[in-house]
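Me: I'm new to this one and would like a close look at a single part, the small sheet and whatever packs around it. Could you walk me through that slowly and then link it to the rest?

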Amino acid sequence: MNPLYFDHSATTPIREEVVEAMQPYFSDMFGNASTIHRFGQTVRQNLEAARKTAADILGADSREIIFTSGGTESDNLALQGTVQAEKNPRSHIITSAIEHAAVLNPCRHLEQLGVTVDYLPVRPDGIVDPQTVEAAIRPDTTIISIMLANNEVGTLQPIREIGEQTRARNIILHTDAVQALGKIPIDVNRLNVDLLSVSGHKIYGPKGTGLLYVRSGTPLAPLFFGGHHEQGMRPGTENVAGIIGLVRAMELAEAEREDFSTATRSLRTLLETGIREKIENVRFNGVSGCRLPNISNISFGDVDGDTLQLVLDSQNIAVATGAACSSGSGNVSHVLTAMGISPELAGSSLRFSLGRLNTEADIRRLLDLLPDMIAALRQ
Ligand code: PLP
């Protein structure tokens, strides 16, 4: 039986077109982009062309793009970089309880250094209420960091509305757009954001690649010190092949965004309708508000999610019980519990995240197997 992969929010397979675009940078185009001879200068030109393409996709200017090693580094740079640039250890951060560990853990680290952090609750629909954000703002609030789309349930957050508040008050707004890129339109000006994180491997690009959009004039200090690369914000010889691959993946994701959304949304409807018809005692999480088209998070009452995941894996079917970064940690999803779901039900949940190569036949095979697996586990 062919393997079935429904874990695209954890990572995606790199696309042929992306590998092709990267290939020359492993051989002929090996020059260091900071050198002045032709080996380096040709690479520099291509690197800057890629930066311009990435900027255009996000509605930004080339000078506002800092290439990084991925979503985690971009989130860390955004949070630690703005607090450090302020040189005020007493600053205040507002974030949400449903952020990825790449935001939550830098916040916890900053708390140890004297920064105060508010982890705002979410409504039962998995969405941060802009009024709660407004009420949490203090005179010393430096940065608000709320994700654009949640990685476990796919809920979309009201960033544009929150951005109206931050703009009016001169507070920096960061959003983690790692899961949103390629699925919903992203324009940094429309969203009113100052900082935005992107990761390559969630969009069929290479792992270990990403970028941080930094609105011109946003105070930011680097995390690393070294050469002048990336305007001194991210020193180190550029990962040119990775950057070229990231940007090619961004171009393809953006060009195919609408088709991707339509296709995955219709497969998800097939999946959710099938599960609703064939299996009792299920709960669909985060479905009442706006959500990404490709994620479905479902609790199967009286079933242990980890066990169900292993049973599916024994049939070569890959799904997730939560974020890849916390799977195996034995922790119940902080996202589902923040939505008011009991730890027991949260522990019985699976995340299905669909991708561009999934087909109707894939969903039907899953729907053929799942009811019996669940019935067996419930016995
Ligand atoms: N932010 C979100 C919302 C994610 O889903 C992930 C990856 O799971 C990350 C950040 C981390 O990105 P990366 O794996 O590129 O470091």
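Reply: Start at Ser296, whose bridge partner in strand 12 is Phe352. That pair belongs to a run of five bridges by which strand 10 (residues 295-300) and strand 12 pair in the antiparallel sense. Strands here are DSSP runs (E, at least two residues), helices are DSSP runs too (H or I, at least four residues), and both are numbered from the N terminus. Two strands pair if DSSP finds at least two bridges between them.

Before going further, a word on what you're looking at: this is a predicted model, where local features need pLDDT of at least 70, side-chain atom pairs count only at pLDDT 80 or more, and totals for chains, interfaces and linings use all residues. Residues are numbered from 1 along each chain as its sequence is written, and side-chain values use heavy atoms, with hydrogens and water left out.

Now widen the view a little. Strands 10 and 12 are part of an open sheet of three strands in the order 9-10-12, with antiparallel pairing. Its edges are strand 9 (282-285) and strand 12 (349-353), each pairing on one side only. From one strand to the next, the twist averages 25°; angles run from 0 to 180 degrees between N-to-C directions, and axes are lines fitted to C-alpha atoms, for helices over the stretch in contact.

What lies across this sheet? Helix 9 does: it crosses strand 9, strand 10 and strand 12, running at about 10° to strand 10.

Helix 9 also has a helical neighbour. The axes of helix 9 (residues 257-278) and helix 13 (residues 360-378) come within 10 Å and cross at roughly 20°. That's why helix 9 counts as roughly parallel to helix 13 (angles under 35 degrees are roughly parallel, over 145 roughly antiparallel, 65 to 115 roughly perpendicular and the rest oblique). The crossing of helix 9 and helix 13 is right-handed, meaning the near helix is turned clockwise from the far one by less than a right angle. On the helix 9 side, the residues that meet helix 13 include Leu267, Leu270, Leu271 and Lys278; among their partners in helix 13 are Glu360, Ile363, Arg364 and Pro371. Contact here means heavy atoms within 4.5 Å. By class, this contact has nine nonpolar, one polar and four charged residues (Ala, Val, Leu, Ile, Met, Phe, Trp, Tyr, Cys and Pro count as nonpolar, Asp, Glu, Lys and Arg as charged, and the others, Gly among them, as polar).

Elsewhere in the chain there's another open sheet, with seven strands in the order 2-8-7-6-5-3-4 and mixed pairing. Strand 2 (65-68) and strand 4 (116-120) are its edges, each pairing on one side only. Neighbouring strands of this seven-stranded sheet are turned by 20° against each other on average, direction ignored. Within it, strand 3 and strand 4 run parallel and are joined by five bridges, and Ser96 stands opposite Leu120 in strand 4.

This sheet has a helix across it as well: helix 4 (residues 101-112) lies across strand 3 (92-96), strand 4, strand 5 and strand 6, at about 145° to strand 4. Helix 4 packs with helix 3 (residues 71-86) too, their axes coming within 9 Å and crossing at roughly 30°. So helix 3 is roughly parallel to helix 4, and helix 3 passes helix 4 in a right-handed crossing.
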